[in-house]
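Trainee: I would be grateful for a close look at the contacts made by one chain of this model. Please take me through them in a connected account.

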Amino acid sequence: MAEVRLKDLTKKFKDVAAVDNVSLNVRDGEFLTLVGPSGCGKSTTLRAVAGLENPTSGNIFIDGERVNDLPPQKRHISMVFQSYALFPHMTVESNLAFGLKIKKKGPEEKAKRVKWAVELLGLSGFEKRLPKELSGGQRQRVALGRALVLEPKVLLLDEPLSNLDAKLRLRMRTELKRLHKKIKTTIIYVTHDQAEAMTLSDRMAVMKDGRILQVGTPGQIYEKPADVFCAGFIGSPPMNFLPGEKVPQVKDKNVVVGIRPEDLSISLSRIDAGIWGRSSVTETLGSDSYLHVDTSEGLVSVRLKSDQGILEDKPLWLVSHKEKLHLFDKSTGRRIT
Amino acid sequence: MRTLKFVLIGVVLFFIVFPLFMMTKYSISDRESIVTGGEYPEPFFPFQPTMEMFGLLWSRGDFLKAGLTSLWVGLLAVAFSLLLGAPTAYALARFRIPGIAILLFFLLSVRLFPDISAVIPVAELLLSRPFSLLPPVILVGLAHTLLALPYTVYIAKGVFESIPRDLEEQAFVLGAPKSSTFLKILTPLALPGLGAAAIYTFFLSWNEFIFAYFLTFQGTETTLPVYLLRILSWSPQKNFISAISVLICVPVIIFTFLVQRHMREGLTAGAVK
Ligand SMILES: Nc1ncnc2c1ncn2[C@@H]1O[C@H](COP(=O)(O)OP(=O)(O)O)[C@@H](O)[C@H]1O
Ligand SMILES: [Mg+2]
């Protein structure tokens, strides 16, 4: 277990900054997620912590020690690659034992640790198989096990679930969370999937264009997104954005108003504080249904109450409690209080 | 369509099998079956098949010596081309190297004009000091390395490109020094593909004539194809020459048959993960 601190970390490829002046504190035993769209610098940040990329500038501390110049094996980290990177010619057992062998652990210690991982990850009976004889989920667990047997202080996971099918992904999410509860290792987790980040993380850092825009618990970021990007990126279906002057409760053209679909309610009769629109299609996502409403500012999605029937092509008014509105500065995109 | 396919396959087979058949037939022919004096047609199969020519060859030390020379030259060419080619290919597969197109062009250049044109400058170089101090086996091995290198590099580059970089980085993160990564990860994964390159090089060397001829025709140590020419130049008796040819071909055919599946896998290593 350990804390990780990034201080003004910058990594440039040629002249382009993949990671741009990032500072971040990852607490001891925390599950922290770097989340953001593809290409925003998540992997590069993770690889810098692992020691696979040399920072252009800035520092990386693990447990207070500056590790910039240390090779990966001296950083007490383990990393799971998006591709799993299992050694194709080695059995599950040999894959799991690879790092231990390099570290010259005795045969007893090695066997004990491998057995521990096999049991922890439900791989019993598969020890002698080659990676190609395993299912996607099993491969993923072998990759995880290979990282865990080294008892890292920090576990780095780069989109570990992205190669699994949707159902398995959900199951592995739960398993990962359970695993973290059990081993309590500090985990830095990378994903572009905001739902994954929301369900797994203790805290998450939203990244865009190599910068961290906001760090907080999933709840904090959902409730109080720091800017328009975070507001739109976190939550599904995404937050609706309307120009301030079109929202009667605001009436300010220097403001962008964000309203989450669940914070809107529908009225079939005229409301002064409401926004007029015409109902379009209904979309059902699992237990929730969303109505898309055609307004003068484009489609706005609204979560329907469970007893609300489908209203199609009807004029209606959308209204929200004033305190549920998210106000952003139109020119900077930053949140206004 | 079906008929056409069979006809085409038939034609191709004929052109491959017929020379092999003739060669084998002559090699076991008795005198009457090849020296007809125009009095009767040459038989389809020898009147009295005989292994006499093989016995004769076996008893001649110079044939066995040439065979051994060919073997050594082939193995040297394989060793040299892998030692030089595999690391080059690895570098090409993994790093962006400025001016690489020019390097590749030079690598290929020996094969861009006829061997008979390339052989003179190469032989000139290898037959002058300090190279000329080396034994002929090594000189021919070096020449064959030069010929095989472009292919070795090309095949090996594909092999290394098919090995994900992630595997090396993963090994690095797990604490493996470069040497372990090379021995325990890269080598086992590259071996089938490099094996294909090795087999290719060996046969190229085994069959190569022009460079071997220019480098060894003055000495006593020659490879099998050059030896065959020497025999041809003094007593062109069909059965004797055919017996030599059969003995040169047989290892190639048997070996190819045994490893063809393996070789195909190696050559397509880049395509299938
Ligand atoms: N080795 C590299 N060479 C050049 N550019 C790179 C390299 N690695 C990453 N990049 C660039 O850096 C940016 C961030 O990449 P990455 O960290 O992989 O993003 P993410 O993991 O968030 O999708 C991208 O624009 C990518 O093209
Ligand atoms: Mg990535």
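Mentor: What follows treats the contact inside chain A and then the contact of chain A with chain B.

The model is a predicted one, and the account rests on its computed coordinates. The domain assignment divides chain A into domain 1, residues 4–232, and domain 2, residues 238–329. Taken over C-alpha atoms, the centres of domain 1 of chain A and domain 2 of chain A lie 38 Å apart. Where the two meet, nine residues of domain 1 of chain A are in contact with seven residues of domain 2 of chain A. About 660 Å² is buried between domain 1 of chain A and domain 2 of chain A, with carbon and sulfur atoms giving 61% of that area. On the side of domain 1, three residues stand out: Tyr222(A), Val228(A) and Ala231(A) supply 66% of the area that domain 1 of chain A buries against domain 2 of chain A, more than any other three residues. As for secondary structure, helix 7 (218–223) and helix 8 (228–233) of chain A each supply at least two residues of the side of domain 1 that touches domain 2. By class, this side of domain 1 of chain A comprises six nonpolar, one polar and two charged residues. Between domain 1 of chain A and domain 2 of chain A there are zero salt bridges, while two residue pairs are in polar contact across this interface, both residues of each pair at pLDDT 80 or more.

The contact between the chains may be described in the same order. Chain A contributes 22 residues and chain B contributes 16 residues. The area buried between chain A and chain B is about 1700 Å², and carbon and sulfur atoms give 73% of it. Across the interface of chain A and chain B there is one salt bridge. In a salt bridge, the side chain of Arg47(A) meets that of Glu169(B) at 2.7 Å, N to O. In addition, five residue pairs are in polar contact between chain A and chain B, counted with both residues at pLDDT 80 or more. Strand 6 (77–80) and helix 2 (92–102) of chain A are the elements that give two or more residues to the side of chain A that touches chain B. Of these, helix 2 of chain A provides the largest share, three residues. By class, the side of chain A that touches chain B has 14 nonpolar, five polar and three charged residues.

Terms used:
Residues are numbered from 1 along each chain as its sequence is written. Chains are lettered from A and ligands numbered from 1 in the order in which they are written. This is a predicted model: local features need pLDDT of at least 70, side-chain atom pairs count only at pLDDT 80 or more; totals for chains, interfaces and linings use all residues. Side-chain values use heavy atoms; hydrogens and water are left out. Domain bounds come from an automatic or database domain assignment. Contact means heavy atoms within 4.5 Å. Buried area is the accessible area (1.4 Å probe) that two parts lose on being put together, summed over both. A salt bridge is a side-chain nitrogen of Lys or Arg within 4 Å of a carboxyl oxygen of Asp or Glu. A polar contact is a pair of N or O atoms within 3.5 Å; within protein, one must be able to donate a hydrogen and the other to accept it, and residues adjacent in sequence count only if both atoms are side-chain atoms. Helices (H or I, at least four residues) and strands (E, at least two) are DSSP runs, numbered from the N terminus. Ala, Val, Leu, Ile, Met, Phe, Trp, Tyr, Cys and Pro count as nonpolar, Asp, Glu, Lys and Arg as charged, and the others, Gly among them, as polar.
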